[in-house]
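Please open the structure in your viewer and keep the selection tool at hand. The tour moves from the whole chain to its interior and then to a few single residues.

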Amino acid sequence: MDLPGALLVDLDDTILDSDSNADEVWLGVCRELAGRLGSVAAQELHVAVMDSRDWLWSDFERARPSRLDLWQARRDILTRSLASLRISNTPIVESMAERYATIREEELRPFPGAIDTLRRLKSVGIHLGLLTNGGSESQRGKIDKYGLAEFFDHIQIEGEFGIGKLDERAFRNALNALGVDPTEAWVIGDNLDFDTHAAQQIGIYAVWVNSHRNGLPDGTTVRPDWIVGSISELVNDGTD
């Protein structure tokens with residue numbers, strides 16, 4: 001398959017393996033610190049945290065402040081989860097949020113072959129744009145940590161630009177920065193709504209990263225133009 005003149009690339013769970021272990025990290029934090037909450041079992045605490053997390057992230061507008069400030073988002077998740085258990089404990093909220101952030105930072109890694117794929121795409125003259133939701137500090141930290149800036153002709157972060165994915169203006173601005181029309185570009189990302197559907201609405205060819213390789217979720221009406229298991233399939237026909 002011929003590659004496009006420009007490619008808009010998502011960051012989290014496309015280049016970086018950001019969320020595959022999130023549930024396990026939360027469970028580990030709950031097991032580590034639940035003893036400070038008296039009679040609450042670690043599993044009960046974990047269920048409350050998962051329910052609170054899912055509630056927060058399930059609504060695009062509700063989650064926007066949280067996308068821009070992950071530290072506060074974690075505090076909000078924990079405060080809500082403890083409230084559901086009829087517990088008020090600010091110190092444990094701070095301890096759990098800090099512990100979770102520390103472990104996630106330590107375990108964050110690029111997907112195998114992801115950085116080499118960016119290098120190869122750039123070497124053949126494809127204009128690359130990084131288009132990511134989230135806050136400036138957290139996303140810039142990831143970009144700097146893994147030296148990603150050198151691969152991109154344009155980097156657009158929701159917290160800096162002021163508009164995130166779902167809004168077509170985010171895509172149009174990135175395309176303008178790269179000097180291409182929608183029909184000349186592809187987007188690749190893991191989120192069917194933010195990346196795939198939103199891009200298709202303005203005529204961009206959308207590649208969906210399904211890293212679990214479990215297919216489209218039941219009930220979705222979104223139909224990606226191409227489904228891959230990893231970004232590396234863009235240049236190696238599906239082999240890692």
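The stops below say what to select and what is found there.

Begin with the whole protein shown as a cartoon, bearing in mind that this is a predicted model. The cartoon should show 11 helices and eight strands. The radius of gyration is 19 Å, close to the 18 Å that the globule rule gives for 240 residues, so the protein is as compact as a globular protein of that length. Aligned along its principal axes, the set of C-alpha atoms fills a box of roughly 60 × 35 × 35 Å. If you colour by accessibility, 50% of the 240 residues count as buried, while the surface that remains exposed amounts to about 11,600 Å², with carbon and sulfur atoms supplying 46% of it. Among contacts with a separation of 6 or more, 63% join residues 24 or more positions apart.

Next, turn to the interior. In soluble globular proteins, nonpolar side chains tend to be buried together. Select Leu 7, Ile 15, Leu 148, Phe 152, Ile 188 and Leu 234, which touch the most other members of the largest nonpolar core, a set of 29 residues. Several elements give two or more residues to this core, including strand S1 (6-9), strand S4 (127-132), strand S6 (185-189) and helix H11 (233-236). Helix H6 provides the largest share, four residues.

Stay with Leu 234 and display its neighbours: leaving aside residues up to four places away in sequence, Leu 234 touches Leu 3, Leu 7, Leu 121, Trp 186, Ile 188, Val 207 and Trp 226. A second, separate core of 27 residues can then be selected through Cys 30, Met 50, Leu 82 and Ile 103, which are among its members.

Now select Glu 233, which lies in helix H11. Is this residue buried or exposed? With a relative accessible area of 10%, Glu 233 is buried, and its side chain makes a polar contact of 3.0 Å with the side chain of Arg 213.

Finish with two backbone details in loops. Asp 13, in the loop between S1 and strand S2 (16-17), has a phi near 65°, a positive value in a residue other than glycine; at 11% relative accessibility, Asp 13 counts as buried. Leu 166, in the loop between helix H8 (158-161) and helix H9 (168-178), also is not a glycine and has a positive phi of about 105°. At 35% relative accessibility, however, Leu 166 counts as partly exposed.

Notes. Residues are numbered from 1 along each chain as its sequence is written. This is a predicted model: local features need pLDDT of at least 70, side-chain atom pairs count only at pLDDT 80 or more; totals for chains, interfaces and linings use all residues. Side-chain values use heavy atoms; hydrogens and water are left out. A nonpolar core is a set of buried Ala, Val, Leu, Ile, Met, Phe, Trp, Tyr and Cys residues joined through side-chain atoms within 4.5 Å. Buried means under 20% relative accessible area, exposed over 50%, partly exposed in between (1.4 Å probe, protein chains only). Contact means heavy atoms within 4.5 Å. A polar contact is a pair of N or O atoms within 3.5 Å; within protein, one must be able to donate a hydrogen and the other to accept it, and residues adjacent in sequence count only if both atoms are side-chain atoms. The radius of gyration is taken over C-alpha atoms; the globule rule is 2.2 Å times the number of residues to the power 0.38. Accessible areas come from the Shrake-Rupley method with a 1.4 Å probe; for residues, only the protein chains shown count as cover.
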